[in-house]
Amino acid sequence: MARPGSGLLAPVNGLGYPPQNLARVVVWEWLNEHGRWRPYSAAVCHHIENVLKGDARGSVVLGQVDGQLSPYVIDLQSMHQFRQDTGTMRPVQRNFYEPSSAPGKGVVWEWENDNGSWTPYDMEICVTIQNAYEKQHPWLDLTSLGFCYLIDFNSMSQTNRQSQRKRRLRRRMDLAYPLIMGSIPKSQSWPVGASSGQPCSCQQCILVNSTRAASNAILASQRRKVYGGTGGNSGASVTLTGVRQSNTFAGTSLWSPTSASSGTNNNNISVGGGHAKAEQVQSPLSSANFPCSPVMPSLSSAHGHHALTINGQNNLNRPGTQRISMGTARGAIPPGVPALPVKNLTGSGPVHPALAGMTGILMCAAGLPVCLTRAPKPILHPPPINKSDMKPVPGINGMRRKTKKKHLRRGKNPEDVVRRYTDKIKVAPDEDCTICMERLVMSSGYEGILQHKGIKPELVGKLGKCGHMYHLLCLVAMYNNGNKDGSLQCPTCKTIYGEKTGTQPPGKMEYHVIPHCLPGYPDSKTIRIVYDIPAGIQTNEHPNPGKKFSARGFPRHCYLPDNDRGRKVLKLLIMAWDRRLIFTIGTSSTTGESDTVVWNEIHHKTEFGSNLTGHGYPDPNYLDNVLTELSAQGVGEDNLKD
């Protein structure tokens, strides 16, 4: 079958957009973590275009048109989407399609995900599917677009050619994307309102506007300093070198006289910890801290040469960034200039971007030098390791453990389990049973709900280790609502009686020593633990029996120092794995996804060479903390055999 056209207009005239007399449909897209451009809805695109008409360098508050997007702001100058509550930034782009294509007609193609909701295809794929549908093709192979899927229009399904898994797909009608004619709106002086000439008065826009005004003032000040410093040198010469384009971030253009030599002047603004290649220079205020502000001048110095990069005017339709073609220049933090490390956008850090940015503005306004640096990215994995370099952990047999459903050990009937760990009380004290909240001198609150031979509602028992007292019938009810593994856990002090097991799905655990050291342990090698759990079907012990569960992020790599204490922790983790206590099925606290495999209150270090996320090293208290967490699950040091 011939591959249908995508409907995407190719750049003409070298400008990245069609001639003035040609109509086109505009689709705004953002870049996700998998490198795919995901389209905004038609309503959001109409909103962006309306703002663009008023101010081509303004900011778009997406929450004004879609409540679910309230944390997001798009900065049209830097072409980035900024999430205000987390600081996350993503590139955005403005794409064009034919009016007769799917977005021009308001056609949306979607596939059904694991949660039963519908996810729209990327716009390029949507256009391709619609073209094939209109030509009445019975099926469409998406291999040519880089996806191993087969679309069947008769059954309205998508089939994975490798796994043969089928998903439903659907075609629905929505609002058509905006249609434009003529040239691209030119950049205007900021601020300009969309209609009245006045900026929005909401608190969100006031914050964005005030930030942009301050950064514009700094931009003008820096320009005066740069041109004033180079112009005063009679021996200064300016050489403009060529620039090359990259498709890494669509929509940002940099004008770059890359080598302007002067005799003694060395002006430095350092990005990224004080050493940045001029090849990859970005503005510290626009890219790290002020996504809604114009790109600030960034100066890199090497042997008395100045390199200035500032944002171009008409950058909305460029297919990629322009970078300086000089890879050897370096920028250094001048002596005495304070460096403000900016919070890593995906983790924790000493200074939040907004705080660091406002501090920079105030210091610049006072005439003080400042250098904003971005925290380094976390080092999650060690350098590549040959299989022959992976050695068994000393003192531990084998290098792998597996769990299956049969590993769950069932106890005897509930009455026997309760009687095993309690002593009968002849005279009950006049206090509450913390399970049913009835007085112990009264009958259990489960009277009439549960009936067990030999256990009367008024009987009271005392747990052997901790001494807390409950109605025996209440303890039976608590046991029946748990894992029924033959163990009890005191609801007051959490003392465990018997061997507690969990509901971890089947999987495997591997562990070995690698020839690298962790931060804080320079004299020890590293124990690497690899957990791997596949997706599957929930059983009766899980929240939703019979329903599928997902397993995101596997295999998961974790790290311990290869010393006596680290090996002790590993032995206890192996014991916890055998008891199915490391993972469980629930709702992810980071993504909010339900029915997925999550950690089960035993923390692991998943960051190898840094501690930017709080899940790495150095952390001198980690081994003690994890021993405490294991003990709370009934896996204590007293369980280890000498």
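This passage describes the overall make-up of a predicted protein model and one of its sheets. Residues are numbered from 1 along each chain as its sequence is written. Local features need pLDDT of at least 70, side-chain atom pairs count only at pLDDT 80 or more, and totals for chains, interfaces and linings use all residues, while side-chain values use heavy atoms, with hydrogens and water left out.

The protein chain has 642 residues, and 47% of them are buried (under 20% relative accessible area, 1.4 Å probe, protein chains only). Its secondary structure comprises ten helices and 35 strands. These are DSSP runs, numbered from the N terminus: helices are H or I with at least four residues, strands E with at least two. Contacts are heavy atoms within 4.5 Å. Of those with a separation of 6 or more, 66% link residues 24 or more positions apart. The exposed area is about 31700 Å² (Shrake-Rupley method, 1.4 Å probe). Carbon and sulfur atoms supply 52% of it.

One open sheet has three strands in the order β24-β25-β26, with antiparallel pairing. Pairing requires at least two DSSP bridges between two strands. β24 (422–425) and β26 (469–471) are the edge strands, each paired on one side only. The twist averages 40° from one strand to the next. Four bridges join β24 to the antiparallel strand β25 (residues 460–463). Among the partners, Thr-422 is bridged to Leu-463 in β25.

Two helices pack on this sheet. Helix α7 (residues 414–421) touches β24 and β25, and its direction makes about 80° with that of β24. Helix α8 (residues 472–480) touches β24, β25 and β26. Its direction makes about 85° with that of β26. Axes are lines fitted to C-alpha atoms, for helices over the stretch in contact, and angles run from 0 to 180 degrees between N-to-C directions.

Technical notes: Buried means under 20% relative accessible area, exposed over 50%, partly exposed in between (1.4 Å probe, protein chains only).
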